[in-house]
Amino acid sequence: MEIKVFASIKEKIGSDTIDLFVGDSITVGELKNHIFVDYPELDGEVFQVAKNEAFVKDDEVVTSDDIVALIPPVSGG
């Protein structure tokens, strides 16, 4: 599963995508656990998960066909 990342997450991992091998489907909560194990530099990072351009909760199921993105908080003024 390819996951798009932005801002501070992109800076910490040095790439604009994360590739995870998670099978056909996984919950968002499980996905986050995989990310924190595979990318320990993201420990403590705050972000929301988007599925097909809509924010989703931890119990939502995502598949390899979905467009998944990690969106950190945005500040502005």
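The following conversation between a student and a tutor goes through one predicted protein model.

Student: Before we begin, what kind of model is this, and how are residues numbered?
Tutor: This is a predicted model, in which local features need pLDDT of at least 70 and side-chain atom pairs count only at pLDDT 80 or more, while totals for chains, interfaces and linings use all residues. Residues are numbered from 1 along each chain as its sequence is written, and side-chain values use heavy atoms, with hydrogens and water left out.

Student: How many helices and strands does the chain have?
Tutor: There are two helices and seven strands. Helices (H or I, at least four residues) and strands (E, at least two) are DSSP runs, numbered from the N terminus. Starting at that end, the order of elements is β-α-β-β-α-β-β-β-β.

Student: What about the overall dimensions of the C-alpha trace?
Tutor: Along its principal axes, the trace spans about 40 × 25 × 20 Å. The chain has a radius of gyration of 12 Å, which agrees with the value near 11 Å for a compact globule of 77 residues. That radius is taken over C-alpha atoms, and the globule rule is 2.2 Å times the number of residues to the power 0.38.

Student: And what share of the residues is buried?
Tutor: Buried residues account for 36% of the 77 in the chain. Buried means under 20% relative accessible area, exposed means over 50%, and partly exposed lies in between (1.4 Å probe, protein chains only).

Student: Let us look at helix α2. Which of its residues are buried?
Tutor: In α2, the buried residues are Val28, Gly29, Leu31, Lys32 and Ile35. Seen down the helix axis, the buried residues fall within an arc of 160°, so they line one face of α2. The arc is that of the directions from the helix axis to the C-beta atoms.

Student: Which exposed residues does the face turned away from the buried side carry?
Tutor: That face of α2 carries Asn33 and Val37.

Student: New topic: how many salt bridges are there in the whole structure?
Tutor: A search finds three salt bridges. A salt bridge here is a side-chain nitrogen of Lys or Arg within 4 Å of a carboxyl oxygen of Asp or Glu.

Student: Which residue forms a salt bridge with Glu45?
Tutor: The partner of Glu45 is Lys12, and their closest N and O atoms are 2.7 Å apart. Glu45 lies in the loop between α2 and β4 and Lys12 in helix α1 (residues 7-13), so the pair ties together parts that are 33 residues apart in sequence.

Student: Is Glu45 buried or exposed?
Tutor: Glu45 is buried, at 13% relative accessible area, whereas Lys12 is partly exposed at 42%.

Student: Where does Lys32 come in?
Tutor: The side chain of Lys32 meets that of Asp58 in a salt bridge, at 2.8 Å from N to O. Asp58 lies in the loop between β5 (54-56) and β6, and Lys32 in helix α2, so this pair ties together parts that are 26 residues apart in sequence. Asp58 is partly exposed, with 41% relative accessibility.

Student: Which residue does Glu60 pair with?
Tutor: Glu60 forms a salt bridge with Lys51, the closest N and O atoms being 3.0 Å apart. Glu60 is partly exposed at 31% relative accessible area, and Lys51 is buried at 17%.

Student: Now the aromatic rings. How many aromatic pairs are there?
Tutor: The count is one aromatic pair. The rings of Phe36 and Phe47 have centres 5.8 Å apart and planes at 45°, so the pair is tilted. By the rule, rings of Phe, Tyr and Trp (its six-membered ring) pair if their centres lie within 6.5 Å; planes under 30 degrees apart count as stacked, over 60 as edge-to-face and the rest as tilted.

Student: Where do the two rings sit in the chain?
Tutor: Phe36 is in helix α2 (residues 28-38) and Phe47 in the loop between α2 and β4 (48-51), eleven residues apart. Phe36 is partly exposed, with 27% relative accessible area, while Phe47 is buried at 10%.

Student: Last one: what is the phi of Asn52?
Tutor: Asn52 has a positive phi of about 50°, although it is not a glycine. Most residues other than glycine have a negative phi. Glu53 also has a positive phi, of about 70°. Asn52 lies in the loop between β4 and β5, and Glu53 is found in the loop between β4 and β5. Asn52 is partly exposed at 40% relative accessibility, and Glu53 is exposed at 77%.
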